[in-house]
Amino acid sequence: MKNNAVSGTEGYASQAPFLLEQYEKLSFEESYAAAITCFPRTPSRILDIGSGTGRDAAWFDKRGHDVIAAEPTKEMREGAIRLHPSPDIRWLDDSLPDLEKIRSLNEQFDFILINAVWMHLDKDQRDTAMKHVSALLNQDARFFISLRHGPVPKGRRMFAVSADETMELASSFKLVPIYNERTESLLPNNKAMGVRWTKLIFERQA
């Protein structure tokens with residue numbers, strides 16, 4: 001899959017060195033603070049979609065989880081592998097909404113993480129993405145998603161997405177919200193621009 005074929009990745013390849021450095025300044029614990037209490041505590045099957053710098057995949061890997069990290073931007077993915085080398089993380093060139101390579105594995109997961117990705121998808125893509133993500137979840141599995149609110153950086157492709165829309169869409173796939181938090185951006189530049197985030201966690205129920 002070529003980078004220019006993946007909508008939403010605009011700007012990431014050219015800015016990869018800066019983004020890799022910027023995002024790594026925040027620790028996993030800082031980024032997920034309160035939400036972390038809802039993350040798996042025993043070894044589980046983890047899927048990190050839009051894995052960026054690999055920080056989150058590495059955090060789960062170091063705690064004994066079985067991790068797949070999907071990142072469509074070659075420059076980000078290769079940078080992540082350099083920053084967080086591990087023979088146990090499976091790195092894939094794959095992306096929402098279709099997740100073709102991940103779905104071809106015929107595997108299911110106990111926890112799926114989609115951080116700072118959903119805003120890159122338009123309405124139709126979000127519908128497709130939720131359908132595929134929900135099908136990848138085991139029974140009682142959980143799904144974390146963050147929604148970005150605020151001005152769009154030059155050269156990027158983003159859409160306004162509300163928590164209400166996301167919860168309504170998730171509910172149609174039997175995903176029940178168990179966590180809902182609204183926070184300011186932790187990155188100084190984004191915070192100064194007024195960027196805020198909604199963090200949601202869903203649980204798949206019968």
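Begin by selecting helices α1 and α4 (residues 74-83) in this predicted model, where the two helices pack at an angle of about 45° with their axes 10 Å apart. That angle makes α1 oblique to α4, and the crossing of the pair is right-handed. To see what lies between them, show the side chains of A16, L19, L20 and Y23 on α1, together with E75, M76, G79, A80 and L83 on α4, since these residues make the contact. Coloured by residue class, the residues of this contact divide into seven nonpolar, one polar and one charged. While the helices are on screen, it may help to recall that an α-helix has 3.6 residues a turn, so residues three or four places apart point the same way.

Next, select helix α6 (residues 123-135) and helix α7 (residues 163-171), whose axes come within 10 Å and cross at roughly 40°. This makes α6 oblique to α7, and α6 passes α7 in a right-handed crossing. On the α6 side the contact is made by K123, R126, D127 and M130, and on the α7 side by E165, T166, L169 and A170. Here the residues in contact divide into three nonpolar, one polar and four charged, so a colouring by residue class is again worth applying at this stop.

Stay on α6 and pick out S134, which is found in this helix. How much of S134 is accessible, and does that make the residue buried or exposed? Its relative accessibility is 6%, and S134 therefore counts as buried. If residues up to four places away in sequence are set aside, S134 touches F173, L175 and R204, and these three can be displayed together with the serine.

Now move to helix α3 (residues 55-62), which is mostly covered, with seven of its eight residues buried. The buried residues of α3 are R55, D56, A57, A58, W59, F60 and D61, a list in which charged side chains such as R55, D56 and D61 appear beside W59 and F60. What should be switched on to see the cover over this helix? The elements that cover the buried residues of α3 include α1 (16-23), α2 (28-32), β1 (45-49), β2 (66-70) and β4 (109-114). Follow the chain just past α3 and stop at G64, which takes a positive phi of about 85°.

From β4, continue into the loop between β4 and α6, where N115 has its place. N115 counts as partly exposed, at 22% relative accessibility. Leaving aside neighbours within four places in sequence, N115 is in contact with Y32, I49, G50, R55, D56, F144 and S146, so R55 and D56 from the previous stop can be kept on display. For a distance to check in the viewer, N115 and R63 are 52 residues apart in sequence and 19 Å apart in space, C-alpha to C-alpha.

The next stops concern the backbone. Most residues other than glycine have a negative phi, and most peptide bonds are trans. In the loop between β4 and α6, select A116, whose phi is near 60°, a positive value in a residue other than glycine. A116 is partly exposed, with a relative accessible area of 28%. Then go to D140, which is placed in strand β5 (residues 137-149) and has a positive phi of about 70° although it is not a glycine. With a relative accessible area of 51%, D140 is exposed.

Which residues are joined by a cis peptide bond? Select L96 and P97, which are joined in this way with an omega of about 10°. P97 lies in the loop between β3 (90-92) and α5 (100-104).

Finally, zoom out to the whole chain, which has eight helices and seven strands. The radius of gyration of the chain is 16 Å, close to the 17 Å that the globule rule gives for 206 residues, so the chain is as compact as a globular protein of that length. Taken along the principal axes, the C-alpha atoms fill a box of roughly 40 × 40 × 35 Å. Buried residues make up 50% of the 206 residues in the chain. Among contacts between residues at least 6 apart in sequence, 72% join residues at least 24 apart.

Key: Residues numbered from 1 in each chain as written. Predicted model: local features only at pLDDT ≥ 70, side-chain atom pairs only at ≥ 80, totals over all residues. Heavy atoms only, no water. Axes fitted to C-alpha atoms, helices over the stretch in contact; angles between N-to-C directions. Helix = DSSP H or I, 4+ residues; strand = E, 2+ residues; numbered from the N terminus. Parallel < 35°, antiparallel > 145°, perpendicular 65-115°, else oblique. Left-handed = near helix turned anticlockwise from the far one by under 90°. Contact = heavy atoms within 4.5 Å. Nonpolar A, V, L, I, M, F, W, Y, C, P; charged D, E, K, R; others polar. Rg over C-alpha atoms; globule rule 2.2 N^0.38 Å. Buried < 20%, exposed > 50% of the residue type's maximum accessible area, 1.4 Å probe, protein only.
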